[in-house]
Amino acid sequence: MERDVTPPPDVSCTALAKTFEGGTRAVDPIDLTFEEGQTTALVGPSGCGKSTLLRMVAGLDTPTSGTVEIGGAPPVSTLRQAGLSMAFQDPSLLPWRTVRGNIELALKLARHRADPAEIDQLIALVGLDGFAETRPAELSGGMRQRAAIARALATRPGLLLLDEPFGAVDELTRRQLSQDLPRIWEARGTTAILVTHSVSEAVQLSDRVIVLSPRPATIMDDITIDLPRPRAGPAARSDAATALTDRVFAALSKGMAERSAPMAAQ
Amino acid sequence: MTSLTIHRPIGPAIERRSRAALGPVVGLLVLLAGWEAAGRLLTEAFVLAAPSEVARYLAAEWALMGRALGVTLTNAAAGFVIGNLAAVLLAAVALVWPRSEGVITGLALLVFCLPLVATGPILRVLFGPGPGPQITLAALAVYYTTLIPLLIGLRAAPQSWFDLVRSYGRGRLSTLVHVRAMASLPYLFAGLQIAAPAAFLGAMVGEFTGAQRGMGVLTVRAIRALDVEMTWAIATLATLVSVAVYLAIGAVARRVLLDEPPVILSAPAVTGRRRRRDGWIDASLVLALALGGWAGALWLFDLNPFFAKGPHDVVEALFLAPDAAATRATIGAALAETAIFLIPGYLAGLLAGAALAMLLILVPVLAGTAMPVAIALRSVPIVTTAPLVVLLIGRGALGTIVLVAVMVFFPTFVACLQGLRQAPGQVMSVLDSYAAGPLTRLVRVRIPAMLPAFFAAARMAVPASVLAVTVVEWLATGAGIGSLMALSASLSDYDVLWASVVLVAALSALGYVLVGRVERRVLAIYAPEQLA
C-alpha cells in the first residue's frame, strides 16, 4: 500500500555562506545544486562545515548570506509540509519512547498515519528485529543510529538528509546497511544528501560526490559516480571504483594542502 | 547541554534496587539502636526519650497527636498544591518569555528569603484566625524548590531533539508537548520530593503563630511545658511523615518515569551566557518590582497603616524618624548577635557535610548504607527538631550553632556524596591504570568532581540556615534577630518588624548571590561545562 510520496525536489544553494557569531567562517559563499532523485555525498575533513551546510539546507541554521531553495521554494515551506527528514549525527532518540514509539512520533509530527506493519518492516530492514519495544538506553550506539535512520525513512520524505548516519555502526553492519538502505530511497526516487568523512561510503552510496576543503568549506571536486549497483563486495574493488576513490582522495589531499599552506607560511 | 548540578544514580537498575532496599534498613537499625541506648543511659537527665518511650507515648496520646497531624497535613497539602501550581505557572511564563526568567527567579529568590518567623505573624494579622497563614507559609516554603528544577528540566534536552521537531516543520507547541514536558518530568518529581517535607515544615511554622490546632501548636505547648517525651514524639512523628511522603513521591516517580528521579542538589547560580549588563538590569527590575508590588499590595488591600508598613515607612523608620538611630542600633545589635550563631554554624555544617562525605567515599560499603538514610533524613523538617537540640545542648550559643550546622549538614552531605560518586569513570580508569591509591583518587579526581555539588548546596543552605537560626531564636533562645522579630510582632512594634523582614530577606538573598559568585569562580576552573 503505497502512500503518496512527496515528489523529490531539487535543491539549489546560491552564494550560500555561514559565519558564526564568534567570527568563525564555516562556509564560504558556495553555489551547489543537488539534482532531484539523486544521492549526493558531501565529503570533507572533520569540522569543514559540511554539517553546517546540511543544516542550512534543512532550514535549521540561517545562512549569513545567500539562499537555499528546495524545489524552487525556501526550506521553510518544505518544512511546513514535512517534506524532508534528517538523520542527525547524534541519533536523538527520545529516551522515554521505545524504538517504535520514536518512529511513531516522527510520523505524528509529520502528520502521517502510522501503519504498524510498515513500521515493523522498517525496523527489520535496519536490523532491529525484536527491539521494537526497547528503549534507546538499552541499545548500543550503532543500534540507536539504525533506529534513527528507520525513523528518518518512515515519513517517506522527498528530501532525505543524512548527517554521518553510520558513524557509530560497526563495519559489517555498515556494509549491509550501505547495500539495503539506498534501495529504499532510490525506489522512492528520494533526493538524498549524505554528509560523511568516509570516502568508501561516499563512493558506494552516491550518484555524485562533492569534495569539500577544510573550513571554510569550498568545493574541491565534483565527481559523478556512474558505477553499476549493487556496489558492495567485489564491485567495490573494481578498477572503476578504485579510480573514483583515488580521485576523491586526491581532491581531499589537495584541499588539505591548500588550506594548511598559508598557515605554514606564517 | 544545560548547566546542571543534578545527578542520576549510576549503575544497573537491579543492583541499585537491592542496595536501595538493604542500605536504609541497616542504617535505620543502627540509628534506632544508638538512640535507644542513649535514651536508656540518659534517663535521669530529662533530655532524651528513647524510641520505646516515644512509641509508648504516641500509642497513649494517639487521639491528640492524630488529630493535630491531620490538621497540619491538610494545611500542608493545600500549600503544597498552591505553591507547586505557582511554580509551574512561573516556569511557563519564563519559558514563553525567556527574557523574563532572570526577573522571575530573582523575585522568587527574594520572596523565598523572607523570614518565615516574621511573615508568620504578619500573615496572622492579615488572615486572622484560621488556616490562611499555615497554607500560605507552606506554599511559600515549596514553590522555589520546585520552580528552579523545573526551569532546568524544561531546557534539559539536547539541541538535536529540538532540531528533530523543527525538521518536521513543527514549532514551539510540539516541542513543549513532545520534548520539554517529558524531559522536565524527572526534575519536577525531584522538586516535588523536596517540596513535600518543606510544605509540612511551612505549615508547622504557620501554626506557631497562634493557630488553634495542629502539630505546631503542640510543639509550642511541649516546649513551654518542657515535656521531653512529647517533644520527641512530635519530632519523630514529623520525621516519619516527611520521610513517608518523600518515599511515596519517589515511588510515584519511579512508576511514571520507569527510572529513579534524579537527586536534585540544587540549581546552578546563573543561567549560561548572560551578559553582565542583563544581570544589572534584572537586579534593578527585581528591586523595582519588589518595592512596587509591596506598596501596591498595601494600597490595593487598603490595610491598616498602623500595622501594614510600606517601603517609605521602613525608610522613614530606619533613616528619617527621630528615633531612627535607636531603631538601627536595635536591629543592628540583633543582627550581629544572630551572625555570631549563624556563620559558625553555617561553616561547620558545610565542612562537616563535605568531610563526612569524603570519609565515607573511602569506605564504599559505608557510603552505600549511609546514602539512602541521609537522603531520607534530608527531608526531615530539621526546624521541628529545634526544641530537641535545645533540650540536649541547652539554650546557649552552642545549641543554636549546632542546629544551624545540622540544617546545613544534611543537604551538603548528600550533595557532596553524590558529587564524589559522580567522578567520571574514564578518568578514574586512567588513575587505576597508574595504580593510584584511594587517597590520590579522592584528591585528584573526586574532590574536583564534587565542587559543583558542594557549592550548589552551600548556596541553597544560606536561606535554610537563616530559617533555622531565626526559628531557634524565636522558639528557644530569645536572642538575636529571630527573637527581635517575634518580640516586635507581639509588642505591635511594626516599624521594627517590617524593617527587620526587609533586612533579613535582603541579607539572605545577598548571601545567596555572593556564594553564587564564588561558585562561578570555582566552576570556571573545575567544571567549565556547567557554566556553558
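**Exercise 1. Contact range in the two chains**

Task: Among contacts in chain B between residues at least 6 apart in sequence, what percentage joins residues at least 24 apart? Then treat chain A in the same way.

Solution. Start with the term: a contact means heavy atoms within 4.5 Å. In chain B, take the contacts between residues at least 6 apart in sequence; 79% of them join residues at least 24 apart. For chain A, with that 6-residue minimum, the share joining residues at least 24 apart is 70%.

The model is predicted: local features need pLDDT of at least 70, side-chain atom pairs count only at pLDDT 80 or more, and totals for chains, interfaces and linings use all residues. Residues are numbered from 1 along each chain as its sequence is written, chains are lettered from A and ligands numbered from 1 in the order in which they are written, and side-chain values use heavy atoms, with hydrogens and water left out.

**Exercise 2. Make-up and surface**

Task: How many helices and strands does chain B have, and how many does chain A have? Add burial and surface for each chain.

Solution. Step one is secondary structure. Helices (H or I, at least four residues) and strands (E, at least two) are DSSP runs, numbered from the N terminus. Chain B has 20 helices and two strands. Chain A has eight helices and nine strands.

Step two is burial. Buried means under 20% relative accessible area, exposed over 50%, and partly exposed in between (1.4 Å probe, protein chains only). Chain B holds 532 residues, of which 54% are buried. Chain A holds 266 residues, and 55% count as buried.

Step three is surface, by the Shrake-Rupley method with a 1.4 Å probe; for residues, only the protein chains shown count as cover. Chain B has about 23,700 Å² of accessible surface, with 71% belonging to carbon and sulfur atoms. Chain A exposes about 11,500 Å², and carbon and sulfur supply 52% of that.

**Exercise 3. Two helix pairs in chain B**

Task: Which residues make the contact between α4(B) and α6(B), and which residues of α7(B) and α8(B) meet? Describe each crossing.

Solution. Two packed helices are described by the angle between their axes and the distance between the axes. Axes are lines fitted to C-alpha atoms, for helices over the stretch in contact, and angles run from 0 to 180 degrees between N-to-C directions. Angles under 35 degrees count as roughly parallel, over 145 as roughly antiparallel, 65 to 115 as roughly perpendicular and the rest as oblique. A crossing is left-handed if the near helix is turned anticlockwise from the far one by less than a right angle, and right-handed if clockwise.

Take helix α4 (residues 101–112) and helix α6 (residues 132–155) of chain B. Their axes come within 9 Å and cross at roughly 155°, so the two are roughly antiparallel. The crossing is left-handed. On the α4(B) side, the contact residues include B:Ile104, B:Ala108 and B:Phe112; on the α6(B) side, they include B:Tyr144, B:Leu147 and B:Leu151.

Now take helix α7 (residues 159–167) and helix α8 (residues 172–208) of chain B. The angle is about 140°, with the axes 10 Å apart. The pair is therefore oblique. This crossing is right-handed. B:Trp161, B:Phe162 and B:Val165 of α7(B) meet B:Ser174, B:Thr175, B:Val179 and B:Arg180 of α8(B).

**Exercise 4. Positive phi in chain A**

Task: Where is A:Ala15 found, and what is the place of A:Ser92? Give phi and burial for each.

Solution. Most residues other than glycine have a negative phi. A:Ala15 has a positive phi near 45°. A:Ala15 lies in strand β1 (residues 11–19) of chain A. With a relative accessible area of 34%, A:Ala15 is partly exposed.

A:Ser92 also has a positive phi, about 55°. A:Ser92 sits in the loop between β5 (84–87) and α3 (99–109) of chain A. At 1% relative accessibility, A:Ser92 is buried.

**Exercise 5. Single residues in chain B**

Task: Which residues does B:Asn75 touch, and which are in contact with B:Trp474? Finish with B:Val228 and the cysteines.

Solution. B:Asn75 is in helix α3 (residues 62–96). B:Asn75 is buried at 7% relative accessible area. Not counting residues up to four places away in sequence, B:Asn75 touches B:Pro131, B:Gln134, B:Ile135, B:Ala138, B:Ala203 and B:Glu207.

B:Trp474 is in helix α18 (residues 438–477). Beyond four places in sequence, the contacts of B:Trp474 include B:Val117, B:Phe208 and B:Ala486. The C-alpha atoms of B:Trp474 and B:Ala486 are 6.2 Å apart, across twelve residues of sequence.

B:Val228 belongs to helix α10 (residues 228–257) and is buried at 11%. B:Val228 and B:Ala49 are 179 residues apart along the chain, with C-alpha atoms separated by 6.6 Å.

Last, the cysteines. A disulfide is a pair of cysteine sulfur atoms within 2.5 Å. The count over all chains is zero. B:Cys113 is buried at 3%, and B:Cys416 is buried at 0%.
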